[in-house]
Amino acid sequence: YKTFFVNGESVTLQESESLISLGTTGLQTWPAAFRLAEWILENKQYFEGRDILELGSGAGLTGLVLLKSCCPAHYTFTDLNDRVLQLLDRNVALNNISDSTASVKKLEWGSVDNFTEPVDLVLAADVVFDPTTIPDLVKTLEFLLSGKNSPKALVSSTVRNTETYSLFTSCLSDFSLNWRVLTGPQEFVFFYE
């Protein structure tokens, strides 16, 4: 277990100590999730009262920080791996987040045509790492961003491989999704490698 103290609130996570555990990378918090959480803390006004969906939530740090500091209307954690979803359920319960405020759902990128929940904002952290998943990730973003509320997306990435990142930005352009790079957070709240 790890506990972080943010704005007088604690966020506790159960997570794996291994980079890859039980066939997935989603049981651990990755650097881009810490950076996105820090950006959220500096820009709370964008999240208050919003319906937010997170793609590839992993252990849930980003969403839990947001839920404890920004008062969204609703937050939906998503992932594909069943073990990650079980971990997310435990971490949401561990942090006393009510079912009316947050939900955990299985979501397969590229297969979201039946997804009907309202979305104002899509978040994702450290999801741009496997070139084979990028077309489905971008297809999912395109579907979610075509919603009636003109949703926006924030994708926080660690560029480990410039070719993979270039593929992601190229796919965004291929799907006619406008994008830009935002400046990172000014303050470091979390200490990570």
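In this predicted model, strands β3 and β6 run parallel and are joined by four bridges. Within this pair, isoleucine 52 has leucine 121 of β6 as its bridge partner. The two strands belong to an open sheet of five strands, arranged in the order β5-β4-β3-β6-β7 with parallel pairing. The edges of the sheet are formed by β5, which spans residues 102-106, and by β7, which spans residues 152-156, and each of these edge strands pairs on one side only. On average, and with direction ignored, neighbouring strands of the sheet are turned by 20 degrees against each other.

On the other side of β3 in the strand order β5-β4-β3-β6-β7 stands β4, and β3 and β4 pair in the parallel sense over four bridges. Glutamate 54 has phenylalanine 77 of β4 as its bridge partner, while leucine 53 stands opposite threonine 76, likewise a residue of β4. Between β3 and β4 the chain passes through helix α2, made up of residues 61-69, and the resulting β-α-β crossover is right-handed.

The pairing continues from β4 to β5, two strands that run parallel and are joined by five bridges. Here the bridge partner of tyrosine 75 is alanine 102 in β5, and aspartate 79 stands opposite lysine 106, also in β5. A right-handed β-α-β unit is made by β4, α3 and β5. Toward the other edge of the sheet, strand β6, residues 121-125, pairs with β7 in the parallel sense over five bridges, and valine 122 is found opposite alanine 153 of β7.

The burial of two of these strands was examined residue by residue. Strand β3, residues 51-55, is mostly covered, with five of its five residues buried, and β4 is also mostly covered, with six of its six residues buried. In a regular strand the side chains alternate between the two faces of the sheet. In β3, Asp51, Leu53 and Leu55 point one way, whereas Ile52 and Glu54 point the other way, and all of them are buried. In β4, His74, Thr76 and Thr78 point one way and Tyr75, Phe77 and Asp79 the other way, and again all are buried.

Helices also meet the sheet. Helix α1, residues 31-42, lies across β6 and β7, and its direction makes an angle of about 140 degrees with β6. Helix α3, residues 82-94, packs on the sheet and touches both β4, residues 74-79, and β5, with its direction at about 175 degrees to that of β5.

A contact between two helices was also found, namely that of α4, residues 134-145, with α5, residues 162-174, whose axes come within 10 Å and cross at roughly 35 degrees. The crossing of α4 and α5 is right-handed. From α4, the residues Ile134, Leu137, Val138 and Leu141 take part, and they meet Thr164, Leu167, Phe168, Cys171 and Leu172 of α5. When the residues in this contact are sorted by class, eight are nonpolar, one is polar and none is charged.

Two loop residues stand out by their backbone angles. Most residues other than glycine have a negative phi, and most peptide bonds are trans. Cysteine 71, however, has a phi near 55 degrees, a positive value in a residue other than glycine, and this cysteine 71 lies in the loop between α2 and β4. Aspartate 126 has a phi near 55 degrees, which is again a positive value in a residue other than glycine, and aspartate 126 is found in the loop between β6 and α4. The surroundings of the two residues can be described by their accessibility. Cysteine 71 is exposed, because its relative accessible area of 61% is over the 50% taken as the limit for exposed residues. Aspartate 126, by contrast, counts as buried, because its relative accessibility of 8% is under the limit of 20% used for buried residues.

Key: Residues are numbered from 1 along each chain as its sequence is written. This is a predicted model: local features need pLDDT of at least 70, side-chain atom pairs count only at pLDDT 80 or more; totals for chains, interfaces and linings use all residues. Side-chain values use heavy atoms; hydrogens and water are left out. Two strands pair if DSSP finds at least two bridges between them. Axes are lines fitted to C-alpha atoms, for helices over the stretch in contact, and angles run from 0 to 180 degrees between N-to-C directions. Contact means heavy atoms within 4.5 Å. A crossing is left-handed if the near helix is turned anticlockwise from the far one by less than a right angle, and right-handed if clockwise. Ala, Val, Leu, Ile, Met, Phe, Trp, Tyr, Cys and Pro count as nonpolar, Asp, Glu, Lys and Arg as charged, and the others, Gly among them, as polar. Buried means under 20% relative accessible area, exposed over 50%, partly exposed in between (1.4 Å probe, protein chains only). A crossover is right-handed if, with the strands pointing away from the viewer, the path from the first strand over the helix to the second runs clockwise.
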